[in-house]
Amino acid sequence: MRAPITDLIHHPYTAPAGFGAPQPGVFKASTVFFPNVAAMRARDWKTKDGYTYGLHGTPTTFLLEERIAALEGGRQCLLVPSGLAALANVNLSLLRSGDEVLLPDNAYGPSRAMAEGELAQWGIGHQRYDPMNVDDLARRIGPRTRLVWLEAPGSVTLEFPPLERLAALCRERGVTSALDNTWGAGLAFNGLEAGADIVVQALTKYPSGGGDVLMGSVVTRDEDLHLRLKLTHMRLGWGVGANDVESVLRSLPSLALRYRAQDAAARVLARWLSDRPEVALVLHPGLEGSPGHANWRATCGPDGLAAGLFSIVLHEHHAPARVDAFCDALRLFRLGYSWGGPISLVAPYEPSAMRSPELGTWPHRGTLVRLSVGLEAVEDLQADLAAALAQLA
Ligand SMILES: *Cc1c(COP(=O)(O)O)cnc(C)c1O
């Protein structure tokens with residue numbers, strides 16, 4: 001007779017056949033069983049027609065991979081534990097000591113930190129290029145250049161680059177290009193159609209939409225490139241939790257609705273703020289007069305979409321301490337990093353400190369505040385901003 005614990009663990013279970021429901025089932029596994037040794041030996045982790053080990057995929061992770069690949073118009077997708085891990089996976093896969101990687105000067109800060117830290121330490125060089133100037137990128141691509149990062153727009157200063165022209169230049173010069181597509185979320189424009197070889201996203205932002213999940217994706221169309229990235233992915237042991245994957249799968253059907261609503265609300269607030277006397281400048285690629293607006297129109301269309309994210313530069317005579325007081329006074333906009341969740345967020349930045357001195361100084365004076373618009377009623381957000389602007393007086 002077996003011990004009750006053994007019978008409990010071996011209690012029979014078969015996944016229900018013929019059970020259809022709006023949400024897919026969630027499968028959790030580190031270990032995956034094989035029917036016999038022959039099957040174990042024959043199993044090839046590179047394909048999706050079977051399972052090997054939790055790190056190499058489950059029905060749950062495969063499903064999200066397929067859906068993100070569909071969203072981005074790609075063929076293959078890898079999931080990693082954060083957006084930053086997606087950038088790292090690409091860098092570690094394609095760069096080796098002696099190579100050089102080029103980053104836009106307005107790149108996501110931690111991407112630059114990775115280049116200045118680990119990559120430099122491993123003998124991988126980097127240069128920053130002016131993302132608004134195709135000739136500047138052309139000048140910097142050299143015999144050691146193996147990878148060019150693209151971002152549209154820059155994540156704090158929000159200049160929208162001539163994306164197709166930058167990507168075409170990389171292709172012409174035989175250099176792999178990788179786009180950080182977190183802002184566009186696969187909705188505002190198609191990164192692979194724009195010419196990027198690799199498209200990564202922080203699923204942490206819009207695809208999750210909850211402010212409660214960290215995850216990243218790496219999407220490609222080229223099988224060889226995908227296998228190279230996948231090999232690195234396997235060797236580094238990136239895994240994602242089934243509960244987090246479930247959260248993203250549950251959020252994806254409302255992705256486009258949320259993105260549009262957050263876009264619309266952000267534009268109402270951005271326009272309203274551009275008429276306020278305290279505000280020197282509004283940085284939102286969808287607004288006329290913002291840096292890269294013409295590029296945004298070219299890539300996203302004249303009636304195109306934009307993320308619910310923008311920055312304002314307050315007039316220089318508002319001392320940084322008063323700007324901090326403005327941020328502190330906001331009640332609905334919470335102080336925090338990230339974007340794409342239900343709660344509006346605010347963070348002050350010092351753009352001049354983020355720029356490469358070699359490429360010239362940030363052309364505007366005054367403190368920059370980035371606003372990420374959540375899902376609250378826009379009139380309440382506007383009232384919150386109006387009340388906090390009184391703190392600047
Ligand atoms: C947030 C973000 C990332 C990193 O995502 P995490 O999941 O927070 O690591 C990368 N790129 C951009 C543009 C981002 O906004």
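## The ligand and its pocket

In this structure, Ser82, Gly83, Leu84, Tyr108, Glu151, Asp180, Thr182, Ala202, Thr204, Lys205, Leu214 and Trp339 surround the ligand. Please keep in mind as you look around that this is a predicted model. Sorted by class, the shell around the ligand holds five nonpolar, four polar and three charged residues.

Which residues come up when we look at the oxygen atoms of the ligand? The table sets out three contacts, two with backbone atoms and one with a side chain.

| Residue | Protein atom | Distance from an oxygen atom of the ligand |
|---|---|---|
| Gly83 | polar backbone atom | 2.8 Å |
| Leu84 | polar backbone atom | 2.9 Å |
| Lys205 | N or O atom in the side chain | 2.5 Å |

On its own, the ligand has 370 Å² of accessible area, and the protein covers 90% of this.

Now for the space around the ligand. The ligand sits in the largest pocket, and about 640 Å³ of space lies in that pocket. The lining of the largest pocket is made up of 40 residues, and Tyr108, Lys205, Tyr337, Ser338 and Trp339 are the closest to the pocket centre. Tyr108, Lys205 and Trp339 also belong to the set that surrounds the ligand.

Which helices and strands each supply at least two residues of this lining? They are helix H4 (83–94) and helix H5 (109–121), together with strand E6 (198–202), strand E11 (345–349) and strand E12 (368–372). By class, the lining of the largest pocket divides into 20 nonpolar, 15 polar and five charged residues.

Finally, a loop worth a look for its backbone. Most peptide bonds are trans, and most residues other than glycine have a negative phi. Where do we find Pro153? Pro153 lies in the loop between strand E4 (145–151) and helix H7 (163–172). The peptide bond that joins Ala152 and Pro153 is cis, with omega about -5°. Leu158 is also placed in the loop between E4 and H7. Leu158 has a positive phi, near 60°, although it is a residue other than glycine.

Methods
Residues numbered from 1 in each chain as written. Predicted model: local features only at pLDDT ≥ 70, side-chain atom pairs only at ≥ 80, totals over all residues. Heavy atoms only, no water. Near = heavy atom within 4 Å. Polar contact = N/O pair within 3.5 Å; in protein donor to acceptor, adjacent residues only side chain to side chain. Areas by Shrake-Rupley, 256 points an atom, 1.4 Å probe, with all protein chains shown as cover. 1 Å grid on protein atoms, 1.4 Å probe; cavity = no way out; pocket = protein on both sides within 12 Å on 5 of 7 lines; lining within 4 Å. Sits in = over half its atoms within 2 Å of the grid points. Nonpolar A, V, L, I, M, F, W, Y, C, P; charged D, E, K, R; others polar. Points joined across faces, edges and corners; volume = space filled by probe spheres on them. Helix = DSSP H or I, 4+ residues; strand = E, 2+ residues; numbered from the N terminus.
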